[in-house]
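Me: I would like to learn how to read a protein structure step by step, and I would be glad if you gave me the general idea before each case.

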Amino acid sequence: GQIPSDTRQQVWTTRFALLVKEPPGWTAAERHETVALAFSPDDKRLAVTITHNQLESERNVLINTHLLVIDVHSPETNVHQFDLTGTCGVDLAWNESGDAILVCGTLLRLADGTSCDATVLPSIVRQASAFKAFWLDSQHVVRSNTGAILDMACQQVGSWQLEPTWRIGAVAAAKGWILLWQTKGRLPNIVCEYSVVDRASHQALSGWPTRKVPWPCGGGTMLAVGAEAWCFSLHGQNITKNGKLHCRAINGGKEIPVPKQVRDYELTQAATSSARVVVEKWEYDRSSPWWTWPLTWWVPYPGSPPLPRRRVVFDIRSGNWISSWKPRVQDSRSPYIVDHPYHCALSTSGDFLAESGDGGLELYRLAP
């Protein structure tokens with residue numbers, strides 16, 4: 001069968017950029033780019049992070065972020081803004097109770113707007129999978145590289161014991177699952193080992209002996225909680241050549257068949273109470289010569305960056321395909337900021353999808 005057409009039904013659209021107010025000391029920005037989007041656990045709010053980057057010199061950019069919390073039922077009148085200095089906007093995650101958010105390692109408490117750093121690392125380093133922080137439960141986060149457990153003030157109150165070479169790759173707090181990974185061997189024969197363990201007992205779940213996949217680690221790897229699956233892309237950081245999407249059942253570890261039409265896609269979103277997921281096919285723009293795109297010291301590759309060329313919603317368990325469309329690309333109009341695609345978020349139930357970019361936000365209803 002063919003990948004389905006775009007069957008999304010738009011519920012509303014809003015221009016939240018018109019509501020953003022720059023705090024004292026922040027230079028007014030011509031435009032903000034969306035870098036992450038996430039539904040609250042009850043699907044009643046949407047968190048959106050947008051850039052506020054300022055070029056101080058040729059080699060120095062101030063990385064700041066606006067976080068907007070928008071009411072799904074009144075998106076133009078019920079918006080709360082939080083301003084985070086020195087924080088990138090990726091890795092946006094709500095806690096289970098919906099009263100705090102992790103933003104690229106910064107823990108923000110929504111009630112009073114106070115925040116603290118759960119990683120104690122430079123903003124650009126926090127994006128690496130080995131240095132992230134995850135919600136362990138509604139009141140605690142855990143550092144991926146050390147297992148240190150922090151409270152809501154980012155004070156260490158305990159430790160989730162890790163073997164020296166293992167790291168935390170993902171946490172499903174509601175289920176009590178923790179995905180661990182480590183590398184073994186030497187180049188060119190490095191492999192990545194993964195295991196899913198119980199948070200309380202530290203024991204591997206039934207049917208989960210250590211799984212090995214080719215290096216590099218972490219590419220396209222995530223827990224699809226609603227589908228009770230672990231999914232990964234082989235050679236996920238070079239998916240244009242070798243990307244192969246695979247999923248295994250958390251219960252028993254057996255392979256879950258993935259439709260061949262999306263095997264070259266990467267999993268980017270997963271519902272927490274249904275088996276629906278969002279997958280994307282990323283490609284480089286080979287028609288663009290490398291000299292047309294400005295190079296900067298923090299970009300490790302020449303030429304135009306890869307962008308998603310197709311975005312698909314489907315059900316992992318049944319194989320039913322819901323919708324498919326070509327994502328739009330945000331226009332940064334900046335010589336020192338990489339263009340981002342429009343970002344999307346799947347609701348916890350999988351019934352709605354939000355998409356944001358260029359200062360706008362849209363909510364769609366997905367077919368049942």
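Me: How many residues does the largest nonpolar core have, and which residues have the most contacts inside it?

Reply: In soluble globular proteins, nonpolar side chains tend to be buried together. A nonpolar core is defined here as a set of buried Ala, Val, Leu, Ile, Met, Phe, Trp, Tyr and Cys residues joined through side-chain atoms within 4.5 Å, where buried means under 20% relative accessible area, exposed means over 50%, and partly exposed lies in between (1.4 Å probe, protein chains only). The largest such core has 19 residues, and those with the most contacts inside it are Ala224, Cys231, Leu267, Val277, Val279 and Ile316. Two or more residues of this core come from each of β21, β22 (244–249), β24, β25 and β26, and β22 gives the largest share, three residues. A second, separate core has 16 residues, among them Val196, Leu205, Trp208 and Val225.

Me: Before we continue, what kind of model is this, and how are its residues numbered?

Reply: This is a predicted model, in which local features need pLDDT of at least 70 and side-chain atom pairs count only at pLDDT 80 or more, while totals for chains, interfaces and linings use all residues. Residues are numbered from 1 along each chain as its sequence is written, and side-chain values use heavy atoms, with hydrogens and water left out.

Me: Which residues does Val277 touch?

Reply: A contact means heavy atoms within 4.5 Å. Leaving aside residues up to four places away in sequence, Val277 touches Ala224, Leu267, Gln269, Ala270, Val312, Val313, Phe314, Ile316 and Leu346. For the protein as a whole, 50% of the contacts with a separation of 6 or more are between residues 24 or more positions apart, and buried residues make up 52% of the 368 residues.

Me: What does the secondary structure of the protein come to, and in what order do the strands of the sheet with β24 stand?

Reply: Helices (H or I, at least four residues) and strands (E, at least two) are DSSP runs, numbered from the N terminus, and two strands pair if DSSP finds at least two bridges between them. The protein has one helix and 30 strands. Four of the strands form an open antiparallel sheet in the order β24-β25-β26-β27. Because β24 (266–270) and β27 (321–325) stand at the edges with a single partner strand each, one side of each has no neighbour in the sheet. The twist from one strand to the next averages 25 degrees, taken between axes that are lines fitted to C-alpha atoms, for helices over the stretch in contact, with angles from 0 to 180 degrees between N-to-C directions. Within this sheet, eight bridges join β25 (276–283) to β26 (307–315), and Glu283 has Leu307 as its bridge partner in β26.

Me: Which strands stand at the edges of the sheet that contains β1?

Reply: This open sheet also has four strands, in the antiparallel order β1-β30-β29-β28. Its edges are β1 (9–14) and β28, each with a single partner strand, so one side of each is left without a neighbour in the sheet. Strand β28 pairs with β29 (352–357) over four bridges, and the bridge partner of Ala345 in β29 is Ala354.

Me: How many salt bridges does the whole structure hold, and which parts does the pair of Lys132 and Asp91 tie together?

Reply: Side chains of opposite charge can pair when their charged atoms come close. A salt bridge is counted when a side-chain nitrogen of Lys or Arg is within 4 Å of a carboxyl oxygen of Asp or Glu, and a search of the whole structure finds ten. In one of them, the closest N and O atoms of Lys132 and Asp91 are 3.5 Å apart. Lys132 lies in the loop between β11 (115–117) and β12 (133–137) and Asp91 in the loop between β7 (79–85) and β8 (92–94), so the pair ties together parts 41 residues apart in sequence.

Me: Is Glu362, which meets Arg328 in a salt bridge, buried or exposed?

Reply: Glu362 is buried, with a relative accessible area of 12%, whereas Arg328 is partly exposed at 35%. Their salt bridge spans 2.8 Å from N to O.
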